[in-house]
Amino acid sequence: MTTDRQEQVESAAPAADENKIIAERRAKLAAIREQGVAFPNDFRPEHKAADLHAQYGGKSREELEANPITVKLAGRMMLKREAGKKAAFATLQDSSGAKADGRIQIYATLDLTGEAAMAALHHYDLGDILGVAGTLFKTKTDELTIKVTELRLITKSLRPLPDKFHGLADQETKYRQRYVDLIMNEETRRTFKARTAAMSSIRRFMEKHEFMEVETPMLHPIPGGAAAKPFITHHNALDMQMFLRIAPELYLKRLVVGGFDRVFEINRNFRNEGVSVRHNPEFTMMEFYAAYTDYEWIMNFTESVIRQAAIDAKGTAVLTYGGRELDLSKPFHRLTIVGAINKFAPHYTEAQLNDMEFIKAELLKFGVKPHAHSGLGALQLALFEETAEAQLWEPTFIIDYPVEVSPLARASDTRAGITERFELFMVGREIANGFSELNDAEDQSARFLAQVEAKDAGDEEAMFYDADYIRALEYGMPPAGGCGIGIDRLMMLLTDSPNIRDVLLFPHLRRED
């Protein structure tokens, strides 16, 4: 038995050379140009497919016949089935739904739609954008359908859509031609609608807690705020070298110095580093700072904002990632670096974890050669990254990082060599990094100088000395806590996406040639 959705012409591209198809469509467009305006801009849709399904999908055929509903809608033609010259079914897709309810069937007939419109419809191609007006009814199979009284071509599609109705087969083409992927793939549309919902949730949450959204520079005279390799450019008017920002941290903390006690920014960072399933050179971060708080407060707040984003984007804080449950509803775990190693690599003894030469030898087994200037804390962190990090599936704060790898974090008042810093991990990936902020200008200056020494020793990711930031701290910054959340990685978790490119509308790729 067939249904109204089953089409005699399901393939968006016939088994013919694509160039021939494009030539045929260009010829159709040329004929349309001769008749008048080829790309009109005077059709104003008044309805969306998803709204019509939600409002009228539950009504019976009899109810729709007794009380005709007039609608006006525009969308891309995805399917077409013609029954001779007298009638045709087609399916239009608009922006209203990430699921099938973003589509609606139309029914055109010679008697109701008119001879000219029916003749034109015969020449329309899949991918064309149409405007229709008419009344709602239900077919014998109870499918909500528009009985067309007006039909117009709004935009002529010159290229055929992919030949598989369910979407693109080639993953790189999906990334490179995201516009086609969005047309064809419901899952892709769902992913980016969920991303938008999560971003809106985060902003609402921040504003509810009296954080002020700000914008800070993208071009920095000195790269700072993170340990990363920057992109370098040149400012012609000022005749000076500039850097695309690797983090907004130092500018946001300047605002705390200036008296804005709670600030946040959601924007791009740029790091001239590798590309992988979890790294993109251009990525989105949210950084926030709150005066008169510490890293304990920031951890609790970070947990809350992430949990709320999941609820608002997915309707639940209990997610599934890669077929495995990820529960954000429970309190997040907390472990020290050494505690995590003890949990996931319990064969190491306490003496071994405090023996620098032993750890160096262990790291070499993993193919990791530590920097010559690395102290015990940095070596323990490197061992943690090799033995424990990938196993942190459940949300876990790793706390109490060593001073030598935390140049912007406040040192503990009670434990030498330790800072009040955390990193949040889920499914074996870092999601956030935060700490009690270092507001001692003299201590910060000394830390910067240590970073300069590390850079001179060959560490390309070590920080520069930022004299203006030191000057800002010398005016006095209140005690504060801050955090940066990797938005793209968070969106991977919320949308069950295995690759960071799946949550970026236009990820970076090698040149097509």
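What follows is a short walk through two helix pairs and two single residues of this structure. The model is predicted, so local features need pLDDT of at least 70 and side-chain atom pairs count only at pLDDT 80 or more, while totals for chains, interfaces and linings use all residues. Residues are numbered from 1 along each chain as its sequence is written, and side-chain values use heavy atoms, with hydrogens and water left out.

Let's start with helix 8, residues 186–208. Helices here are DSSP runs (H or I, at least four residues) and strands likewise (E, at least two), numbered from the N terminus. Helix 8 has 23 residues and spans 33 Å from its first C-alpha to its last, close to the 33 Å expected at 1.5 Å a residue; the expected span is 1.5 Å times one less than the number of residues. Its buried residues (under 20% relative accessible area, 1.4 Å probe, protein chains only) include Thr188, Phe192, Arg195, Met199 and Phe205. Among the elements covering the buried residues of helix 8 are strand 2 (87–93), strand 10 (262–270) and helix 10.

Helix 10 (residues 295–314) deserves a closer look: its axis and that of helix 8 come within 8 Å and cross at roughly 140°. Axes are lines fitted to C-alpha atoms, for helices over the stretch in contact, and angles run from 0 to 180 degrees between N-to-C directions. That crossing makes helix 8 oblique to helix 10, oblique being what remains once angles under 35 degrees (roughly parallel), over 145 (roughly antiparallel) and 65 to 115 (roughly perpendicular) are set aside. In contact (heavy atoms within 4.5 Å), helix 8 contributes residues including Ala194, Ala198 and Arg204, and helix 10 residues including Phe301, Val305 and Asp312.

Now turn to helix 13 (residues 356–365) and helix 14 (residues 376–387), whose axes come within 10 Å and cross at roughly 35°. Met356, Ile359, Lys360, Glu362 and Leu363 in helix 13 meet residues of helix 14, among them Leu376, Leu379 and Glu386.

Two single residues round off the tour. Thr336 lies in strand 14 (residues 333–336). Leaving aside neighbours within four places in sequence, Thr336 is in contact with Ile398, Ile399 and Asp400. The C-alpha atoms of Thr336 and Tyr401 are separated by 7.9 Å, though the two are 65 residues apart along the chain.

Arg501 sits in the segment after helix 17. Not counting residues up to four places away in sequence, Arg501 touches Tyr175, Arg178, Val275, Pro507, His508 and Leu509. From Leu121, Arg501 is 380 residues away in sequence and 38 Å in space, C-alpha to C-alpha.

How values were computed:
Buried < 20%, exposed > 50% of the residue type's maximum accessible area, 1.4 Å probe, protein only.
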